[in-house]
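Please look through the structure shown here before reading the notes that accompany it.

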Amino acid sequence: MRRRIVLTTVLAALVAIGLFGVPLAVAVARYFVTAERAELERAADSYALDVSGDILRHRTPDRTPSTEDPTSVAVYSPQGTLLAGAGPATLAQAGEAAGADGVVPADTADDLVVVVPIDDDGTVVALVRAATARTEVYWHTGLTWLGMAGLAVVALLSAYLVARRQARRLARPLEKLSATARDLGDGDFSIRADRAGIPEIDSVGESLDSTAVRLDDLLARERAFSADASHQLRTPLAGLRLQLEAALENPHANLRDVVEAGVATTGRLDRTVTDLLALARDTPPVRATAAADELAAIELEWAPALADHGRALVLTVEPVVAGAQLSGPVLRQIMTVLLDNALRHGAGTVTVTARDAGDVLAVDVADEGEGITPGTDVFHRRSPGARGTGIGLALARRLAEAEGGRLRVTRPQPAVFTLLLPLEP
């Protein structure tokens with residue numbers, strides 16, 4: 001790319017120099033010829049003034065013209081005979097010059113020549129010839145062309161240097177972008193493109209950075225899915241295992257009831273996996289369900305689990321929100337986390353209250369335990385080995401925020417969690 005930019009710029013400069021330089025060189029050559037001819041005319045007129053007195057008195061001029069080499073001046077008779085000065089013995093253009101009214105060019109192969117007539121009352125009495133070698137004109141023209149060629153070389157060199165610098169300025173950020181894209185393809189999502197100060201290239205860098213951020217976020221979601229899923233699946237899996245173990249230990253157990261319970265638990269596991277996959281891919285489910293129906297299903301699922309520990313579940317749904325439509329899977333997953341948290345870390349009766357909070361549904365989950373230790377962030381994801389990892393509550397908050405809601409601790413002791421979810425139109 002760099003070579004192409006430099007070559008294109010130098011070629012463009014060369015074309016521009018040719019388009020302007022060649023006509024200028026021709027004009028310069030013509031200028032020197034014209035200037036030299038004008039100088040010859042001045043020399044001839046000056047000598048004619050000097051010798052006109054002698055010519056009018058019919059005397060041979062004895063004045064030697066004072067001219068610079070290689071210019072030569074001579075005076076001739078109307079018939080073309082040399083009278084004085086430096087020049088050929090005979091003037092070949094005498095007849096043409098004698099009949100002309102002004103200066104007559106009489107160039108030869110080697111010289112530039114002008115002839116100026118001297119007249120007396122309209123009669124030509126003498127001719128003055130001024131000549132200079134063409135090599136003099138060629139010399140001045142050649143020197144000027146050499147200077148122009150030098151300027152052209154300087155212009156080409158300047159164009160080359162500017163093109164090389166510009167090529168480096170353009171190619172370097174593109175090379176860095178290419179390296180950044182390779183690192184991104186190798187899995188380094190923390191890489192960020194440098195800014196070059198060129199809007200078009202910076203736009204590509206910003207798009208690459210945005211892609212890296214999105215891929216990093218997607219990978220983080222996928223990695224978090226295993227921890228979130230294991231936490232959410234642990235309770236139903238444990239219940240299913242207990243059911244099967246109890247059936248094996250009791251030879252009189254009704255196997256059909258055990259299988260039906262296992263199928264129901266498997267269905268809950270399938271729904272949990274579906275909901276968590278949607279969250280991990282940033283596409284949370286939005287299937288609308290009546291609040292009362294969803295909460296009633298949750299009560300049927302969790303009341304036996306709490307009863308096995310000698311605890312009760314009390315559900316209260318205000319009539320004004322009983323038919324409110326909201327995202328059923330999101331509510332189910334969040335309530336699963338809150339009720340599991342109350343079962344593991346709480347005590348006494350668990351109370352669930354669904355109430356109207358303006359444009360949102362508020363669901364309060366309370367128990368009669370010791371509550372939350374002051375200064376504890378229950379939504380912070382702690383290490384897997386710690387008691388009460390916080391994975392479930394962190395996941396519940398993420399689910400609520402993904403749906404446009406909120407999950408917060410309303411009262412720390414005894415603990416009361418409040419879930420706010422927007423209602424479906």
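What follows is a short report on a sheet and on a pair of helices, and it concerns a predicted model.

## The sheet

Five strands form an open sheet in the order β2-β1-β5-β4-β3, and their pairing is antiparallel. The edge strands, each of which pairs on one side only, are β2 (82–85) and β3 (104–105).

At one of these edges, β3 is joined to strand β4, which covers residues 111–120, by two bridges in the antiparallel sense. Within this pairing, Pro105 stands opposite Val114 in β4.

## A helix on the sheet

Helix α1, which runs over residues 2–56, packs on the sheet and touches β1 (72–76), β2, β3, β4 and β5 (123–133). The direction of α1 makes about 35° with that of β4.

## The pair α6 and α7

Helix α6 (residues 291–307) and helix α7 (residues 328–345) have axes that come within 10 Å of each other and cross at roughly 25°. Because angles under 35 degrees count as roughly parallel, α6 is described as roughly parallel to α7. The crossing of these two helices, α6 and α7, is right-handed.

On the α6 side, the contact is made by Glu294, Leu295, Ile298, Trp302, Ala305 and Leu306, which meet Gly328, Leu331, Arg332, Met335, Thr336, Leu339, Asp340 and Leu343 in α7. Sorted by class, the residues in this contact of α6 with α7 are nine nonpolar, two polar and three charged.

Methods: Residues are numbered from 1 along each chain as its sequence is written. This is a predicted model: local features need pLDDT of at least 70, side-chain atom pairs count only at pLDDT 80 or more; totals for chains, interfaces and linings use all residues. Side-chain values use heavy atoms; hydrogens and water are left out. Axes are lines fitted to C-alpha atoms, for helices over the stretch in contact, and angles run from 0 to 180 degrees between N-to-C directions. Helices (H or I, at least four residues) and strands (E, at least two) are DSSP runs, numbered from the N terminus. Angles under 35 degrees count as roughly parallel, over 145 as roughly antiparallel, 65 to 115 as roughly perpendicular and the rest as oblique. A crossing is left-handed if the near helix is turned anticlockwise from the far one by less than a right angle, and right-handed if clockwise. Contact means heavy atoms within 4.5 Å. Ala, Val, Leu, Ile, Met, Phe, Trp, Tyr, Cys and Pro count as nonpolar, Asp, Glu, Lys and Arg as charged, and the others, Gly among them, as polar. Two strands pair if DSSP finds at least two bridges between them.
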